[in-house]
Amino acid sequence: MISRTNTFIGKLIRNTLKVEYNHCSLSFDQSLNHIYSFGRKKLYNIFVAGFVKESKNRGFFAAHNDSNIILIRISVSYKEKIRMRNIIAKFEEYEEQYKYSLLGLVYCFLGISVKRNNKYFCSHFVAEVLQRAGVEMFDKPAPLIRPHDFLKVPTAEYIYEGQIGLYNS
């Protein structure tokens with residue numbers, strides 16, 4: 001899921017990169033009951049950020065249900081999906097160890113691939129989960145992937161575009 005969040009950081013990313021969407025997440029269910037990403041852990045505090053588990057009905061997206069999203073489906077094999085779920089389970093198990101990487105955003109903007117231990121930003125996280133599961137779709141490393149790069153994946157199937165609060169699976 002690619003999203004356009006109307007937060008300070010979201011606007012900063014969009015204006016700096018001149019893109020329409022600034023955030024991405026991973027979900028295994030089309031109903032968006034389980035959404036995984038890196039972002040703010042507290043709704044009104046951007047400084048407490050890391051691995052987040054959300055839903056379209058709770059957390060950030062429930063409070064910001066007017067956020068525009070593009071929901072895409074990327075076909076993966078059964079084995080790749082199991083590997084992805086196992087990777088996510090490890091993130092859940094050790095979620096307090098993972099932090100949001102603001103510095104990683106700067107490196108990404110500069111085109112410098114830097115992997116920092118247990119630190120991610122949203123698109124880096126999604127790309128790394130896919131790559132570690134064996135799903136290769138980019139010709140650059142995960143720390144250089146930006147949310148809008150997912151919109152350029154030729155095999156991506158577009159499911160929905162509009163406000164997350166209006167989405168029904």
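How many salt bridges does the structure hold? Keep that question in mind as you look around this predicted model; the answer is 8, and the tour visits some of them after a stop at a helix.

**Stop one: helix α1**

Select residues 8-17, which form helix α1. Now colour Gly10, Ile13 and Arg14, the buried residues of this helix. Turn the view until you look straight down the axis of α1: the buried residues fall within an arc of 95°, so they line one face of the helix.

What do these buried residues pack against? Add β1 (2-4) and α4 (102-110) to your selection, and you have the partners of the buried residues of α1.

Next, rotate to the face of α1 that is turned away from its buried side. Here you will find the exposed residues Phe8 and Asn15.

Before leaving, click on lysine 18, which follows α1. The phi of lysine 18 is positive, near 60°.

**Stop two: a bridge between a strand and a loop**

Select glutamate 95 and lysine 53 and show their side chains. They meet in a salt bridge, with 3.1 Å from N to O. Where do the two partners sit? Glutamate 95 is in the loop between α3 (78-93) and β7 (99-100), while lysine 53 belongs to strand β5 (residues 45-54), so this pair ties together parts that are 42 residues apart in sequence. Lysine 53 counts as partly exposed, because its relative accessibility is 37%.

**Stop three: a bridge within helix α3**

Move on to glutamate 93 and lysine 90. These two form a salt bridge whose closest N and O atoms are 3.6 Å apart. Both residues lie in helix α3, and because they are 3 residues apart there, about one helical turn separates them. Lysine 90 is partly exposed, with a relative accessible area of 44%.

**Stop four: a buried and an exposed partner**

Now select aspartate 149 and lysine 152. Their side chains meet in a salt bridge of 3.8 Å, N to O. Which partner is buried and which is exposed? Aspartate 149 is buried, at a relative accessible area of 7%, whereas lysine 152 counts as exposed, at 58% relative accessibility.

**Last stop: a network**

To finish, select Lys41, Lys53 and Glu95 together. Salt bridges that share partners join these residues into one network. You have already met two of its members, Lys53 and Glu95, as a salt-bridge pair.

Note on methods. Residues numbered from 1 in each chain as written. Predicted model: local features only at pLDDT ≥ 70, side-chain atom pairs only at ≥ 80, totals over all residues. Heavy atoms only, no water. Buried < 20%, exposed > 50% of the residue type's maximum accessible area, 1.4 Å probe, protein only. Helix = DSSP H or I, 4+ residues; strand = E, 2+ residues; numbered from the N terminus. Arc of directions from axis to C-beta. Contact = heavy atoms within 4.5 Å. Salt bridge = Lys/Arg side-chain N within 4 Å of Asp/Glu carboxyl O.
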